[in-house]
Amino acid sequence: MLRILRAGLATTLQDSGRTGWRQSGISVGGVLDLPAMRTANLLVGNAPDSAVLEIVLGQFKAEFMRDGWFALTGAACNAELDDKPVWTGWRLPVKKGQVLTLSMPLHGMRSYLAIHGGFDVAPILGSLSTDLKAGFGGWEGRKLEDGDRLPLGKPTQIFTRKAGVRQLLWGNRIRALPGPEYHEFSREAQQAFWRTPWMLSPQSNRMGYRLQGPALHRETTRELLSHGLVPGVVQVPPNGQPIVLMADAQTTGGYPRIACVIDADLYQLAQIRLGEPIHFLQCSLPVAMQARMHQRRALEHMAWGLANEN
Amino acid sequence: MQRARCYLLGEQAVVLELEPPVSLQSQQRIWGLTQHLQQHQQVAEVIPGMNNITLLLRDPQQSALDAVEQLQRWWEESEALEATSRLVEIPVIYGRDAGPDLQVVAEHAGLTPQQVVELHSSIDYVVYFIGFQPGFPYLGGLDDRLHTPRRAEPRLSVPAGSVGIGGSQTGIYPLATPGGWQLLGRTPVALFNPHQQPPTLLRPGDSVRFVPQKEGIC
């Protein structure tokens with residue numbers, strides 16, 4: 001059992017998402033930073049896509065009700081286990097009764113807590129992810145609250161020592177491919193899209209990142225019929241301010257798509273703070289494929305290293 | 001055959017978009033293709049839209065480059081799915097608190113509220129696809145006289161079960177949400193229940209008929 005003493009701003013149970021349900025209008029959801037989730041799970045010996053806690057901007061405190069191992073990844077928090085420092089990117093032992101405290105991160109936005117054995121919560125529609133909009137999945141379909149007690153799964157292996165890995169780095173230069181309606185935007189708008197340091201608006205959330213900058217002008221008023229959406233699509237509504245769709249985005253929509261963030265760079269957005277700038281870099285399909293492969297290899301390499309440590 | 005445009009969306013999705021106009025006939029082929037491709041090993045997920053279809057590739061590394069041609073071919077080989085036409089009756093309490101915009105729609109159409117209810121509930125609508133929200137049906141078939149522009153100021157919260165009109169579309173909100181549609185009434189029927197299999201009441205191809213309840217205007 002994990003007893004939540006301080007739930008923080010928006011802590012939710014998330015895994016790699018609820019796939020296969022978009023044609024019923026159900027969002028994919030899941031963690032915003034997939035590599036950080038997988039790293040945390042690999043460190044504690046869980047299947048890479050097991051559920052973790054996604055903690056937004058720290059300010060979280062929980063008591064372990066059993067001995068075990070845990071790992072914290074993602075945003076660089078000043079974290080402590082009782083009064084000892086906790087490094088991100090490490091597997092560490094914990095004793096029953098010890099309290100983990102995360103304060104405001106110095107860098108980044110979202111931290112991920114994985115516990116060896118995982119969370120013993122029943123999946124809904126094949127996933128432990130919390131769908132906040134529809135109010136189901138995860139822990140009672142909502143953000144965690146002070147006093148919640150989350151049941152933990154049984155440990156399956158015995159670790160003898162701490163272990164650390166080098167986490168994937170993140171930045172604010174996000175590679176994207178031009179979208180299907182890219183050519184409907186004026187030349188100035190196309191250039192502005194790649195050249196502007198876009199400010200991440202405070203109205204951003206797990207559904208979409210709203211960006212502030214020059215209004216992007218589309219040269220046609222042709223209305224689009226509703227089409228399927230995926231995380232990473234950059235839509236431009238009539239006010240000209242782009243929105244990057246995130247994991248909880250609606251499944252269909254009809255705004256023009258100026259670009260699509262490549263899958264390998266999507267995780268970096270999870271760590272950018274409100275008010276910080278984002279730069280888009282135009283990339284090609286082969287580069288997107290290569291980035292995808294590099295990321296997969298980096299995680300495979302990490303998994304291999306951890307499997308052969310003992 | 002209706003012309004189709006196929007393209008990649010990012011590096012892991014591929015889209016087939018048909019030339020307008022929207023027709024039930026081509027939408028039936030989209031349902032057929034959706035059903036067929038769901039089983040395909042290269043396809044992780046299929047999202048039917050209005051006159052279009054989006055596939056998520058399981059392994060873009062292997063299949064993205066060929067996916068555009070492949071989807072075009074699948075489309076050409078596809079057949080219409082005449083969905084085993086189910087008629088789903090949705091009880092609706094029209095007007096008053098349940099439908100605060102009934103009067104607005106009536107004035108816009110030059111009809112009485114009773115006539116609006118009669119007209120809105122006289123048609124068998126077709127579910128073209130489900131999207132936007134869990135279980136939200138995009139319905140085809142709204143009578144031209146009832147087309148009404150969206151509200152200038154969207155409501156901050158539209159109650160779950162609200163039945164409304166937005167432009168040329170009519171539909172039902174499964175969950176409470178902000179929304180700009182003109183609200184005619186409300187249904188007590190749940191359109192989405194994640195603990196049931198299937199989780200949504202409606203599916204593409206269903207016919208939907210609204211049945212006025214005596215608690216409201218009818």
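# A guided tour of chains A and B

Begin in chain A, where an open sheet of six strands can be selected in the order β7-β6-β9-β4-β1-β11, with antiparallel pairing. The two strands to colour at its edges are β7 (84-86) and β11 (149-150) of chain A, each of which has a single partner strand, so one side of each is left without a neighbour in the sheet. Bear in mind throughout that what is on the screen is a predicted model.

Stay at the β11 edge and select strand β1 (residues 2-6) of chain A together with β11(A): the two pair in the antiparallel sense over two bridges. If the side chains are switched on here, A:Arg3 is found opposite A:Arg149 in β11(A).

Next, select the other sheet of chain A in this tour, an open sheet of six strands with the order β2-β3-β10-β5-β8-β12 and, again, antiparallel pairing. Its edges are formed by β2 (12-14) and β12 (163-164) of chain A, and because each has a single partner strand, one side of each is left without a neighbour in the sheet. At the β12 edge, strand β8 (residues 90-94) of chain A pairs with β12(A) in the antiparallel sense over two bridges, and a useful pair to label is A:Arg91, which stands opposite A:Ala163 in β12(A).

Now step back and colour chain A by domain, with domain 1 covering 2-164 and domain 2 covering 173-290. Taken over C-alpha atoms, the centres of domain 1 of chain A and domain 2 of chain A are separated by 29 Å. Where the two domains touch, the contact takes 20 residues from domain 1 of chain A and 14 residues from domain 2 of chain A. To see the domain 1 side of this contact, select α1 (34-43), β5 (68-76) and β10 (107-115) of chain A, which are the elements that give two or more residues to it. Coloured by class, that side of domain 1 of chain A shows nine nonpolar, seven polar and four charged residues.

From there, bring both chains into view: how many residues of chain A are in contact with chain B? There are 32 from chain A, in contact with 36 residues of chain B. On the chain A side, the elements to select are β16 (227-228) and α4 (285-307), which are those that give two or more residues to the side touching chain B. Of the elements of chain A, α4(A) gives the most to this side, with five residues. By class, the side of chain A that touches chain B has 16 nonpolar, 13 polar and three charged residues.

Hide chain A and look at chain B alone, which has four helices and 13 strands. Along its principal axes the C-alpha trace of chain B spans about 55 × 40 × 35 Å, and its radius of gyration of 19 Å agrees with the value near 17 Å that a compact globule of 218 residues would have. Of those 218 residues of chain B, 45% count as buried. Among the contacts in chain B between residues at least 6 apart in sequence, 64% join residues at least 24 apart.

Colour chain B by its domain assignment, which gives domain 1 (4-77) and domain 2 (87-212); the C-alpha centres of these two domains of chain B lie 29 Å apart. Six residues of domain 1 of chain B are in contact with eight residues of domain 2 of chain B. Which element gives the most to the domain 1 side of this contact? The answer is α1(B), with three residues, and the residues of that side of domain 1 of chain B divide into four nonpolar, two polar and no charged.

Zoom in on this helix, α1 (residues 24-38) of chain B, whose 15 residues reach 21 Å from the first C-alpha to the last, close to the 21 Å expected at 1.5 Å a residue. Show B:Gln27, B:Gln28, B:Ile30, B:Trp31 and B:Leu33, which are the buried residues of α1(B). An α-helix has 3.6 residues a turn, so residues three or four places apart point the same way. To see what covers the buried residues of α1(B), add elements of chain B including β3 (43-48), β4 (52-57), α2 (60-77) and β6 (125-130).

Finish at strand β13 (residues 207-212) of chain B, which pairs in the parallel sense with strand β5 (residues 87-94) of chain B over six bridges; here B:Ile90 stands opposite B:Phe210 in β13(B). Two bridges also join β13(B) to β6(B), and these strands run antiparallel, with B:Tyr125 opposite B:Val208 in β13(B).

Note on methods
Residues are numbered from 1 along each chain as its sequence is written. Chains are lettered from A and ligands numbered from 1 in the order in which they are written. This is a predicted model: local features need pLDDT of at least 70, side-chain atom pairs count only at pLDDT 80 or more; totals for chains, interfaces and linings use all residues. Two residues are in contact if their C-beta atoms, placed from the backbone, lie within 7 Å. Ala, Val, Leu, Ile, Met, Phe, Trp, Tyr, Cys and Pro count as nonpolar, Asp, Glu, Lys and Arg as charged, and the others, Gly among them, as polar. Domain bounds come from an automatic or database domain assignment. The radius of gyration is taken over C-alpha atoms; the globule rule is 2.2 Å times the number of residues to the power 0.38. A residue is buried if 20 or more other C-beta atoms lie within 10 Å of its own, exposed if 12 or fewer, and partly exposed in between; C-beta atoms are placed from the backbone. The expected span of a helix is 1.5 Å times one less than its number of residues. Two strands pair if DSSP finds at least two bridges between them.
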